[in-house]
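Biologist: I should like a close look at the salt bridges of this model. Please explain which side chains take part and where they lie.

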Amino acid sequence: MKEILHVMRLDFISASSTAITVIILLALIAIPAALLFNPFAGILVLELVPIIVIGPLQVFDGKYGNRLHGILPVHRKNITRGRFAMYAAFFLCIQMLVAVLSTGAVFADLNELLPLETLSALQEQQYAFETKTLPELIIMCAMVSICFWMMFSFFEMSGQIFGRENEMKIFLISCIAVIGLFVAVMTLTNAGILPYFQIPELPTTIPGAIRFLVIGDIAAMLLCTAFSEITAHIVAKREI
């Protein structure tokens, strides 16, 4: 565990050193936007923070990462596990920040401090500050965050196994495969071969939204762990 924490710390320092200015700028945009104008917009901006951090980290890793990690007294498998653990920590922290920001935006009513002219112009967005929208905010936070989390975890796995230079090819192949699977399922469903799948209704209460978030995070954590162990096993075996 200590080795994984060392790797997470090194990755965080490497990433934040190149992205700290952009992170501060996004925070200065997201927090006022969420509290004063529209919580949905603020959340979407804040969800970009992990992307700004992880993107440069993967580029850095492709150029210098193996050389830099090589000086750490840690096992190769734990280097890989540390990277995936840092992804999980980033996205879970962002989810907590977004949940706090959403709750504050809904209950603080700071948008009432805006001039009357501005409030009139934003009248159609006032629904976003109603208490009933808080479950929607939590669910949207969970869905956006988990999608980005799984996307970057998949890229990390494919990049370490097949090489960073092949990530775009793998991305395109994966998109084509997903689209092809979706079209095939829809075709078979319309032909009556497969039964219709009805998407369950999303929760409309705060406890239900929190359960949705927790279940989604548990599923994402299990999938991220699977990606981590598969990658660690293949990469470590290759270097023996």
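Modeller: The following account moves from the chain as a whole to its salt bridges. This is a predicted model, in which local features need pLDDT of at least 70 and side-chain atom pairs count only at pLDDT 80 or more, while totals for chains, interfaces and linings use all residues. Residues are numbered from 1 along each chain as its sequence is written, and side-chain values use heavy atoms, with hydrogens and water left out.

The protein chain has eight helices and zero strands; these are DSSP runs (helices: H or I, at least four residues; strands: E, at least two), numbered from the N terminus. Of its 240 residues, 40% count as buried. Buried means under 20% relative accessible area, exposed over 50%, and partly exposed in between, with a 1.4 Å probe and protein chains only.

A salt bridge is a side-chain nitrogen of Lys or Arg within 4 Å of a carboxyl oxygen of Asp or Glu, and two are counted by this rule. One joins glutamate 229 to arginine 81, with 2.9 Å from N to O. Because glutamate 229 belongs to helix 8 (residues 206-238) and arginine 81 to helix 4 (residues 76-108), the pair ties together parts that are 148 residues apart in sequence. Glutamate 229 is partly exposed at 35% relative accessibility, and arginine 81 is also partly exposed, at 24%.

Another salt bridge links glutamate 156 with arginine 83, where the closest N and O atoms are 3.2 Å apart. Glutamate 156 lies in helix 6 (residues 134-162) and arginine 83 in helix 4, so this pair connects parts 73 residues apart in sequence. Glutamate 156 is buried, at 0% relative accessibility, and arginine 83 is buried at 2%.
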